[in-house]
Amino acid sequence: MKVVFEKPESLLDNKTIYCPGCNHGIIHRIVAECIDELKIREKTIGIAPVGCAVLLYDYFNFDIIEAPHGRAPAMATAMKRVKPNLTIFTYQGDGDLASIGMAEIMHAANRGDSLTVVFVNNANYGMTGGQMAPTTLPGQKTTTTPAGRKTNEHGFPFRMAEIIGSLPAVAFSCRTSVTNPKNIMKTKKAIKKAFQNQLENKGFSFVEVLSTCPTNWGMSPIEALKWVDETMTAFYPLGTFKDIDEEV
């Protein structure tokens, strides 16, 4: 009998700590499926963030290293230069990557380091109680912006996929979501391409994934999915912002 569905070998059988409706579990499975399909599990090292995915090593069946807050890209660069035959990826949230780690991600991308970055954007600091993040939308209410984010006081959110895509040494930068099966398949295609680029030594690849945070948003899981589709994507459009394979 043909197997049409099974748990990826790259995932462990541990219970999740993520809140009901959180999309991290979907994104974890996509990463695991891509690694299995590319047959690189035993040559892959992931770098976990300080944030909701801090316990990444509890879910993946390959080596995971914990980086200081925001420093995952710097650690990834060092590891890739010491072990260029390995596949190195970082898995980071908006506080880890776009706040304390902004310098690290920008310099790694600007150097064109042969790395894969999965950036999960849920528009707030999820692990610490839902405070305003660099990705919080204008007008969005958080625990530290109860009247909504005011751009004249707090500045504008960073559109990281566009910023990364503007750098000349970057090979691939895109934004996806996982709100429905179609978007999940697009996210898998993007993440697999980001890994494939590293295997072919094409340079730096960045995949931003819009993700729900029902607990801190004060929504049901279904409402949160709808909010991503109708509100987040209006400010953070889905699409590819740099792909050297499509350049003339």
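Is D58 buried, partly exposed or exposed in this model? The legends below take up that question along with several other close-ups, all drawn from a predicted model.

**View A. D58 in the loop between β1 and β2.** To answer the opening question, D58 is partly exposed, since its relative accessible area of 30% lies between the 20% limit for buried and the 50% limit for exposed. Look for L12 and N14 beside this residue: D58 touches both, not counting residues up to four places away in sequence. N14 is 44 residues from D58 in sequence, yet their C-alpha atoms are 6.7 Å apart in space.

**View B. The open sheet of seven strands.** Reading across the sheet, you meet the strands in the order β2-β1-β3-β4-β6-β5-β7, and the pairing is mixed. The edges belong to β2 (63-66) and β7 (239-243); each has a single partner strand, so one side of each is left without a neighbour in the sheet. On average, and with direction ignored, neighbouring strands here are turned by 15° against each other.

**View C. The pairing of β1 with β3.** Here we zoom in on two strands of the model. Strand β1 (residues 44-48) runs parallel to strand β3 (residues 87-93), and four bridges join the pair. One pair of bridge partners to pick out is I47 and T90, the latter in β3.

**View D. The surroundings of T90 in strand β3.** How much accessible area does T90 keep? Its relative accessible area is 1%, so T90 is buried, the limit for that class being under 20%. Leaving aside residues up to four places away in sequence, T90 touches I47, A72, P73, A76, T116, V117 and V118. I47 thus appears twice in these legends, as a contact of T90 and as its bridge partner.

**View E. Helix α4 across four strands.** Helix α4 (residues 102-111) lies across β3, β4 (116-121), β5 (170-177) and β6 (204-210). Relative to β6, the helix runs at about 135°. Which residues of α4 are buried? They are M102, E104, I105, A108 and A109. Just after the helix comes G112, which takes a positive phi of about 70°.

**View F. The crossing of helices α1 and α7.** The axes of α1 (residues 24-37) and α7 (residues 181-199) come within 9 Å and cross at roughly 50°. The two helices are therefore oblique to each other, and their crossing is right-handed. On the α1 side, the contact is made by I26, I30, V31, E33, C34, I35 and E37. On the α7 side, I184, T187, K188, I191, K192 and F195 take part. Sorted by class, this contact has eight nonpolar, one polar and four charged residues.

**View G. G129 in the loop between β4 and α5 (151-154).** With a relative accessible area of 32%, G129 is partly exposed. Which residues does G129 touch, not counting those up to four places away in sequence? The answer is T143 and N216. W217 is also worth finding in this view: 88 residues separate W217 from G129 along the chain, while their C-alpha atoms are separated by 10 Å.

Notes:
Residues numbered from 1 in each chain as written. Predicted model: local features only at pLDDT ≥ 70, side-chain atom pairs only at ≥ 80, totals over all residues. Heavy atoms only, no water. Axes fitted to C-alpha atoms, helices over the stretch in contact; angles between N-to-C directions. Parallel < 35°, antiparallel > 145°, perpendicular 65-115°, else oblique. Left-handed = near helix turned anticlockwise from the far one by under 90°. Contact = heavy atoms within 4.5 Å. Nonpolar A, V, L, I, M, F, W, Y, C, P; charged D, E, K, R; others polar. Pairing = 2+ DSSP bridges. Buried < 20%, exposed > 50% of the residue type's maximum accessible area, 1.4 Å probe, protein only.
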